[in-house]
Amino acid sequence: MAGRFTPRPAVNRTTVRGGGIVVPAPRPGAATAGGRERTYVPPGPLDLGLVLGPLRRGPGDPTFRTTPDGSVWRATRTPAGPGTLRVTAKGTAVHAEAWGPGAEWLLEQLPAMLGDLDDPGVFEPRHRLVAASHRRRAGLRLTRTGLVLENLIPSILEQKVTTDEAYRAWRLLVRMYGEPAPGPCPDRMHVMPDARTWATIPSWEWHRAGVDNKRASTILRAVRVARRMEEAAAMEPEAAMARLELIPGIGPWTSAETVQRSNGAPDAITVGDLHLPRIVGYALAGNRDADDAAMLELLAPYAGQRHRAARLILLGGQSPPRRRPKMPRWDIGRL
């Protein structure tokens, strides 16, 4: 039986949070027809699972799929309208197909989305765990989607709740108020609602999705100034975070989680997180009780690349053993 099955990579919640998803190997004859196409040759190694993994909001995300033919599918709302993108790695190149009004925009943004504007060569590991993770993941590049709301809204939903609760809320709201993704995409893929639709969701539907009034109100404040929010994608990361934090209810945690994806910010380290300081502290110094101050001190040698360093630590999978029960799930929709 030895060698009959390909061993599955070691995956836990820490590595998944680092943006590591498994993309099946491409199979011949998996091409579809009818969409616009583009081929992109990256400047170096590229791992689609590592680059696009942070854009997936849970295994049931209706805007993101990986399929057995080795494709990654994204359904998104672009400035030109809804669009669906399918990308597949073929040797040293990436083949992309897109459908819908936003197809042309998605293909134009393909290099940036696949990390073309990122420069991983400037990163210098200064810890053996980081060095080992960096060496094993030569295909890691930081995505830059150029879209703010599609990253901001799910980040707001993840405030102060378990990831399962946030993923459920995102899944329910997108399927209920979004629109079916254009093109021959996998079943039940949806494009997220536009700003106007988000603003008209009734209070009881937020409640049914398990979203409390504080988070719902923050999203409503953000979508009312959607154009100003989207402008942040063209700003420097620090200015973009400051723009987002002008909205009451959006703090450093949410703004960092957003610009990491929309702006490809290599230094936008997430502070105010329940688990990240302990994971970084345990991995780099054996300190399972590290707080934000201790984490920032440990990551100081990586100034300018702290987000990349944190991702490599998460992908290393070395997290402190649990000493307490998991945070309980609460479904306010049942109240």
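1. Let's start with the aromatic pairs: this predicted model holds four of them. One is formed by F123 and Y302, which are stacked at 5.4 Å centre to centre with 15 degrees between the planes. F123 sits in the loop between helix 4 (110-113) and helix 5 (128-136), while Y302 belongs to the loop between helix 15 (292-298) and helix 16 (306-316), so the pair ties together parts that are 179 residues apart in sequence. F123 is buried at 4% relative accessibility, and Y302 is buried with a relative accessible area of 4%.

2. Another pair worth a look is W170 with W198, also stacked, with 6.3 Å from centre to centre and 15 degrees between the planes. Here helix 7 (residues 163-177) supplies W170 and helix 8 supplies W198, so parts 28 residues apart in sequence are tied together. Both W170 and W198 are buried. Do colour W206 along with them, since W170, W198 and W206 form one aromatic cluster.

3. Next, a charged residue to check: E205, in helix 9. E205 counts as buried because its relative accessible area is 12%, under the 20% cut-off. Beyond its neighbours within four places in sequence, E205 is in contact with L173, M176 and Y177.

4. Helix 10 (residues 213-224) has 12 residues, and its first and last C-alpha atoms are 16 Å apart, close to the 16 Å expected at 1.5 Å a residue. At the N-terminal end, D212 acts as a cap, with a side-chain oxygen 3.0 Å from the backbone nitrogen of K214. The buried residues of helix 10 include R215, T218, I219 and L220. Its buried residues pack against helix 6 (149-157), helix 8 (195-199), helix 9 (203-208) and helix 11 (226-231).

5. Helix 6, one of those packing partners, has nine of its nine residues buried, so this helix is largely enclosed by the rest of the structure. Among the buried residues are E150 and N151, alongside L149, L152 and I153.

6. Finally, the sheet. Five strands form an open sheet in the order 1-5-4-3-2, with antiparallel pairing. Strand 1 (36-40) and strand 2 (64-66) are at the edges with a single partner strand each, so one side of each has no neighbour in the sheet. On average, neighbouring strands are turned by 20 degrees against each other, direction ignored. Between the antiparallel strands 3 (residues 71-78) and 4 (residues 81-90) there are eight bridges. To find your bearings there, look for V72, whose bridge partner in strand 4 is V87.

Note on methods:
Residues are numbered from 1 along each chain as its sequence is written. This is a predicted model: local features need pLDDT of at least 70, side-chain atom pairs count only at pLDDT 80 or more; totals for chains, interfaces and linings use all residues. Side-chain values use heavy atoms; hydrogens and water are left out. Helices (H or I, at least four residues) and strands (E, at least two) are DSSP runs, numbered from the N terminus. The expected span of a helix is 1.5 Å times one less than its number of residues. Buried means under 20% relative accessible area, exposed over 50%, partly exposed in between (1.4 Å probe, protein chains only). Contact means heavy atoms within 4.5 Å. A polar contact is a pair of N or O atoms within 3.5 Å; within protein, one must be able to donate a hydrogen and the other to accept it, and residues adjacent in sequence count only if both atoms are side-chain atoms. Two strands pair if DSSP finds at least two bridges between them. Axes are lines fitted to C-alpha atoms, for helices over the stretch in contact, and angles run from 0 to 180 degrees between N-to-C directions. Rings of Phe, Tyr and Trp (its six-membered ring) pair if their centres lie within 6.5 Å; planes under 30 degrees apart count as stacked, over 60 as edge-to-face and the rest as tilted.
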